[in-house]
Amino acid sequence: MDAKEFREFGKAAVDYVADYLENIREHDVLPAVDPGYLLQLLPKQMPEAPEAWREILSDVDRVIRPGITHWQSPNMHAYYPTSVSYPSIVGDIMANGFGIIGFSWICSPACTELEVVVMDWLAKFLKLPSHFLHESEGPGGGVIQGSASEAVLVAVLAAREQAVRRERECHPEQSESEIRGKLIAYSSDQSNSCIEKAGVLAAMPIKLLPAGEDLVLRGAALKEAIERDVAAGLIPVICVATLGTTGTCAYDDIESLASICEQHQVWLHVDAAYAGGAFALDECAELRRGLDRVDSLNFNLHKFMLVNFDCSAMWLRDANKVIDSFNVDRIYLKHKHEGQTQIPDFRHWQIPLGRRFRALKVWITFRTLGAQGLRAHMRKHIDLAIQFENLVKADERFELVAPRALGLVCFRAKGDNEVTSQLLQRLMERKKIYMVKAEHRGQLFLRFVICGMDPKPSDIQFAWSEIETQLTSLCAEQQVNARKAGELSELTHHLSGLQLTNETLQR
């Protein structure tokens with residue numbers, strides 16, 4: 001493919017994507033395929049000879065699109081949003097065209113320095129404490145990771161290494177392996193699975209502490225766990241708190257957790273993968289309480305900030321603690337500008353060596369939409385969730401399970417869990433909208449999240465109509481089945497009576 005063909009293919013691909021996103025409401029949000037469908041449609045080996053791009057694009061439409069779950073559909077209400085915007089798509093195209101592997105400044109100065117700029121822009125937009133800025137006097141700063149999972153793992157590994165070094169200095173009589181065998185970490189039983197996985201990868205147990213009745217983890221629970229573990233000879237390392245838990249978007253009490261972590265020299269990381277965007281909104285200012293006391297935090301721009309996956313912002317109060325833990329230098333990685341103030345080598349801030357030019361799509365998106373547009377986008381999600389919440393409240397057959405949080409509403413059909421389970425099954429079979437279920441203290445509920453590239457009030461009304469119509473149909477079927485069961489029971493009783501009468505006559 002030469003530049004001429006690239007232009008043709010690229011323009012056709014852009015048109016294809018634009019048409020797809022513009023008409024996405026025409027598709028059921030869930031695909032109508034069975035597992036293994038694509039394996040039957042594609043050859044077992046790659047083609048020996050080149051194929052024309054028009055044929056390839058045709059096959060995208062023929063075999064790929066039918067197997068796509070339409071995450072950008074406004075009828076997607078599962079998990080949390082995964083943002084897409086046209087400016088971000090353009091940024092990804094350009095970054096891919098430049099083909100940069102930006103593991104150090106010299107590999108592409110713009111790649112490193114633009115990341116410094118946009119991370120400081122974002123920190124100011126979210127009103128984070130100034131010590132998280134690269135431009136501040138201290139050792140703090142921000143970096144773009146691939147996902148919240150990566151950010152959490154970086155925090156866990158850095159905290160682990162800092163704890164090992166501290167313990168070796170205080171207790172030189174203990175071997176490193178003895179110390180590592182005593183390390184312990186903490187999080188909430190409402191936290192994301194990536195936190196537990198980080199403990200597995202770090203070979204350090206993470207205790208999932210019970211959240212309160214309101215699903216919030218507080219300092220008292222952490223204090224009790226730490227004191228018990230210290231008495232047992234264990235070494236507390238890190239607490240991973242959550243602002244916006246996976247199930248209900250609950251907010252852990254950062255202030256009380258910080259007080260306990262400070263007393264015991266425990267690293268405090270905040271996973272704000274979804275809710276972090278709301279830091280920028282004055283009406284959500286309470287979410288920022290305690291952030292001046294945390295060691296690190298992360299927020300997914302690809303959830304709430306219209307930047308395509310993957311793009312997770314992470315800030316560190318003292319980046320040197322991560323650099324000291326991860327620094328592996330080889331002669332071929334060195335360059336004469338290393339160590340200059342304000343010019344980090346981000347390879348020391350992450351797990352991989354290579355780095356994508358993610359800052360480009362962030363910069364293009366921020367400039368195209370502006371801070372005003374980003375805040376309006378988040379407020380729209382919140383307003384649409386309020387619209388859905390009011391619909392739930394107005395229907396006496398449903399109940400809320402937790403307070404609405406940002407763009408998430410947790411609700412269920414009244415009655416036993418089977419009603420909610422069957423309702424979800426019906427909705428999944430129809431494929432018009434997509435939600436997932438969750439459970440707390442034995443109670444099954446549905447999570448309705450505002451997602452999609454451009455959701456509108458009419459989309460919320462469509463989803464609600466689908467939900468309440470299916471519940472009406474389900475209840476009607478249950479009544480018919482109950483009536484049939486009653487008639488069968490009555491007939492059985494009648495036949496049993498006839499049999500007894502016959503036996504009496506025979507005797």
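Here is a short tour of the structure, one selection at a time. Keep in mind that this is a predicted model.

**Stop one: two helices side by side**

Start by selecting helix α1, residues 3–22, and then add α3, residues 53–64. The two pack at an angle of about 20°, and their axes are 10 Å apart. Angles under 35 degrees count as roughly parallel, so that is the label for α1 and α3. Turn the view and you can follow the crossing, in which α1 passes α3 in a right-handed way.

Now show side chains at the place where the helices meet. From α1, pick Glu-5, Glu-8, Phe-9, Ala-12 and Tyr-16. Facing them from α3 are Trp-53, Arg-54, Leu-57, Val-60 and Asp-61.

**Stop two: Ser-85**

Move on along the chain to the loop between α3 and α4 (86–98), and click on Ser-85 there. Is Ser-85 buried or exposed? Its relative accessible area is 5%, under the 20% cut-off, so Ser-85 is buried. Which residues does Ser-85 touch, leaving aside its neighbours within four places in sequence? Select Leu-306, Asn-308, Thr-365 and Met-453 to see these contacts.

**Stop three: the largest core**

Next comes the largest nonpolar core, a set of 77 residues. Try Leu-126, Leu-301, Met-305 and Trp-315, the residues with the most contacts inside this core. Then colour helix α13, residues 358–394: with eight residues, α13 gives the most to this core.

Stay with Trp-315 for a moment. Leaving aside neighbours within four places in sequence, its contacts include Met-119, Leu-122, Ala-123, Leu-126, Leu-128 and Phe-132. Gly-141 and Gly-142 are also in contact with Trp-315, and so are Asp-295, Ser-296, Leu-297 and Phe-299.

Apart from the largest core lies another one, of 34 residues. To find it, select Cys-194, Ala-198, Ala-319 and Trp-349, which are among its members.

**Last stop: the cysteines**

How many disulfides turn up in a search of the whole structure? The search finds zero. Select Cys-111 as an example: the nearest cysteine sulfur belongs to Cys-107 and is 8.8 Å away, whereas a disulfide needs the sulfur atoms within 2.5 Å. Cys-111 counts as buried, at 1% relative accessibility.

Cys-249 is worth a click too. Cys-249 is in no disulfide either, and the nearest cysteine sulfur, from Cys-410, is 8.4 Å away. Cys-249 also counts as buried, with a relative accessibility of 1%.

Terms used. Residues are numbered from 1 along each chain as its sequence is written. This is a predicted model: local features need pLDDT of at least 70, side-chain atom pairs count only at pLDDT 80 or more; totals for chains, interfaces and linings use all residues. Side-chain values use heavy atoms; hydrogens and water are left out. Helices (H or I, at least four residues) and strands (E, at least two) are DSSP runs, numbered from the N terminus. Buried means under 20% relative accessible area, exposed over 50%, partly exposed in between (1.4 Å probe, protein chains only). Contact means heavy atoms within 4.5 Å. A nonpolar core is a set of buried Ala, Val, Leu, Ile, Met, Phe, Trp, Tyr and Cys residues joined through side-chain atoms within 4.5 Å. Axes are lines fitted to C-alpha atoms, for helices over the stretch in contact, and angles run from 0 to 180 degrees between N-to-C directions. Angles under 35 degrees count as roughly parallel, over 145 as roughly antiparallel, 65 to 115 as roughly perpendicular and the rest as oblique. A crossing is left-handed if the near helix is turned anticlockwise from the far one by less than a right angle, and right-handed if clockwise.
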